[in-house]
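Here is a protein to explore together. Take a look at its sequence and its fold, and then let us walk through a few of its residues.

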Amino acid sequence: MKKAHILAITVIAVAIGIIMSAAGDASVYVSFKEARERAAEGNLTKVHVVGRLPRDGQQNILGLEYNPTLDPNYFAFTLVDTNRIAQRVVYFNPKPQDFDKSEQVVITGAMRNNLFVADKILLKCPSKYVEKDIKGATASVN
């Protein structure tokens, strides 16, 4: 074989290895119902769940459990998914900054018994996405 052929085969083998490793880490977006069904079948692959935090009349989050003096790496909360199914979520890391301000939450993890154990929490804070009125910020075209 020529050196060019060996080099091409090596490049193709490396590309296949990268694609296979990336595909193994890929997770899908599901509801809590589907996450429970997957766990019951023995499928413990990570999934993404999108939801909102339940709030009371004063906009306080319901079911929030975090006490950094007792255990700074235990954070639990209730999340309501897009199908309006409420689920208890446990995150074994400190509470993310601005969690209380978040409008929508995306969690990555898997069901364990009756709890969803999250590995990652992604927040969508309204302050980052709401357009603010700034008077006099634009130049007039005259």
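## From one threonine to the core

The side chains of T78 and R88 are joined by a polar contact of 3.2 Å; such a contact is a pair of N or O atoms within 3.5 Å, where, within protein, one must be able to donate a hydrogen and the other to accept it, and residues adjacent in sequence count only if both atoms are side-chain atoms. This is a predicted model, in which local features need pLDDT of at least 70 and side-chain atom pairs pLDDT 80 or more, while totals for chains, interfaces and linings use all residues. Residues are numbered from 1 along each chain as its sequence is written, and side-chain values use heavy atoms, leaving out hydrogens and water.

T78 belongs to strand 4; strands are DSSP runs (E, at least two residues), and helices are runs of H or I with at least four, numbered from the N terminus. T78 counts as buried because its relative accessibility is 18%, and buried means under 20% relative accessible area (1.4 Å probe, protein chains only).

The table lists contacts (heavy atoms within 4.5 Å), setting aside residues within four places in sequence.

| Residue | In contact with |
|---|---|
| T78 | L53, P54, L62, G63, A86, Q87, R88 |
| F99 | L53, I61, L64, F75, F77, V105, I121, L123 |

Now to helix 2. Its buried residues are F32, A35 and R38. Seen down the axis of helix 2, they fall within an arc of 120 degrees (taken from the directions from the axis to the C-beta atoms), so they line one face of the helix. Just after helix 2, G42 has a positive phi of about 90 degrees.

Conventions: Buried < 20%, exposed > 50% of the residue type's maximum accessible area, 1.4 Å probe, protein only.
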